[in-house]
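Work through the exercises below with the sequence and the model side by side. Each task is followed by a solution that proceeds step by step.

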Amino acid sequence: MTEIKLYNTKTRKKEVFSPLDADKVRMYVCGPTVYDRAHIGNARPVVVFDTLYRLLRHVYGADHVTYARNFTDVDDKINAKAAETGRSIRDITDETIGWYLDDMGALGAMEPDEAPRATEYIPEMVAMIEELIEKGHAYAAEGHVLFAVDSWKEHYGKLSGRSVDDMIAGARVEVAPYKRNPMDFVMWKPSKGDQPGWESPWGYGRPGWHIECSAMSRKLFGEKFDIHGGGLDLQFPHHENEIAQSCACCGEDTFAQVWMHNEMLQVEGKKMSKSLGNFFSVRDLLDQGYAGEVIRFVYLSTHYSKPMDWTEKKAKEAEATLRKWRALTDGIEPSMSAASTVVDALADDLNTAGAIAVLHELAGKGDAAGLKASAALLGLLSDDLGGWDAAIETSGDVASLIENLLEARKEARANKDFARADALRDGFAAAGVLVTDTAEGVVWELASDFDASKLEALQ
Ligand code: AMP
Ligand code: ZN
């Protein structure tokens, strides 16, 4: 069996991956808070962990891997959007989940086996909070329940490498009168008015964010599982708090064995931000004409542990490469398994850039079957993601056909062959090509009822 090595943020070492149960490899990845379209940064963990999922399925067998990714569907940002728009929370979260699955699907991401919604696991969260109170790791105060960091002081901060005292000195923590230690974090909070809420032993309220992943992974996977992933921005406080809750509740050595964090994505060398005007959703890129497969390729060209820069130049290069590879593998059935060199690259802490280098070698040797089978492990060159290259080629053909026909119309006019010129004019209109004579020359555009076959008949 292929030996997989993964860098474990918890131990700060690259380690041989050894699942708790090779028949049931379990991976949990923190998913989106669903109130808006996913931005292109949010898609990075999706593509990274989708590729790891494919590798795990390849090595352990598709039926022996379970991938869970949650939807945070209770959050103040969702409440704010509901208040702003007058729409119901469920309406907003359902719509956003639909968008998310479509957009991530367009990037070739497989849907996880489990996609738990936080609001469907409230009893499990309440039960876990009660256990933590019983064990002396949490306390109720003014309708809130807080995790008592002091009860877990020697462990808290291990993942992110900070001590509680350093955190207090450096953090912008919310100081609240009901907190025993400023680092104590909320597991339950009171709800009023339009805020979503559930009855609980501490009154009507709603869960904090961190408890959701602790309670859902426990319900779906049990107290111990293999891999926990997410973006580096989640390492502290989200993952640190998940660990505190789960391990204080179930035992020091429980919860995720391997922690993996993808680095952040930026755009043209700058942090993405709405004020810089470089903030894109995945849907924006798709609408601008970038194929999902091209976006995926760009992501995989950088190792997940390195900051990744989205640039137009990279997208152009990715597109050129994929066009070549698609032409080479056109009509090829993936009849063989992935090249061992590609598997080995991915097994080395998900070295996707190295795997792509091997794909280039296979393409260079003209090994179409090997290329197609190996690319599948990276979620590339699949039939599902195809079509974009053909569509663009056809539109190139259409453009040259229109140009030729306009040239023919010009010649017909010059030769006083008005019957031919008029036939072409009427033919353009019937085919849905809008032709306008301007001072700068003839310009054309395609109407929504454009019909290529009518255009071809004009030749
Ligand atoms: P959120 O909905 O903000 O909780 O984020 C969902 C996922 O996207 C988390 O795993 C984040 O770590 C990840 N993420 C957010 N911004 C970026 C970014 N700029 N680059 C890479 N990952 C990100
Ligand atoms: Zn989480």
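**Exercise 1.** Determine which residues are the closest to ligand 1, and where its oxygen atoms meet polar atoms of the protein.

*Solution.* Ligand 1 is surrounded by 17 residues, each with a heavy atom within 4 Å of it, and the closest are G41, N42, G231, D233 and L265. Next, look for polar contacts, meaning pairs of N or O atoms within 3.5 Å. A backbone N or O atom of G231 lies 3.1 Å from an oxygen atom of ligand 1, while the side chain of N42 places an N or O atom 3.2 Å from an oxygen atom of the ligand. A polar backbone atom of T33 is likewise found 3.2 Å from an oxygen atom of ligand 1.

This is a predicted model, in which local features need pLDDT of at least 70 and side-chain atom pairs count only at pLDDT 80 or more, whereas totals for chains, interfaces and linings use all residues. Residues are numbered from 1 along each chain as its sequence is written, chains are lettered from A and ligands numbered from 1 in the order in which they are written, and side-chain values use heavy atoms, with hydrogens and water left out.

**Exercise 2.** Establish the strand order of the open sheet of four strands and place the helices that pack on it.

*Solution.* Helices (H or I, at least four residues) and strands (E, at least two) are DSSP runs numbered from the N terminus, and two strands pair if DSSP finds at least two bridges between them. The order is β4-β3-β9-β10, with parallel pairing; β4 (65-69) and β10 (255-262) are the edge strands, each pairing on one side only. From one strand to the next, the twist averages 20°. Helix α6 (residues 210-221) packs on the sheet, touching β3, β4, β9 and β10 (heavy atoms within 4.5 Å), and its direction makes about 160° with that of β3; such angles run from 0 to 180 degrees between N-to-C directions, with axes fitted to C-alpha atoms, for helices over the stretch in contact. Helix α7 (residues 235-250) also packs on the sheet, where it touches β9 and β10.

**Exercise 3.** Identify how strands β13 and β14 are joined.

*Solution.* Strand β13 (residues 433-438) runs antiparallel to strand β14 (residues 441-446), and six bridges join them. T438 stands opposite G441 in β14, and the two strands form a hairpin with two residues between them.

Definitions and conventions
A polar contact is a pair of N or O atoms within 3.5 Å; within protein, one must be able to donate a hydrogen and the other to accept it, and residues adjacent in sequence count only if both atoms are side-chain atoms.
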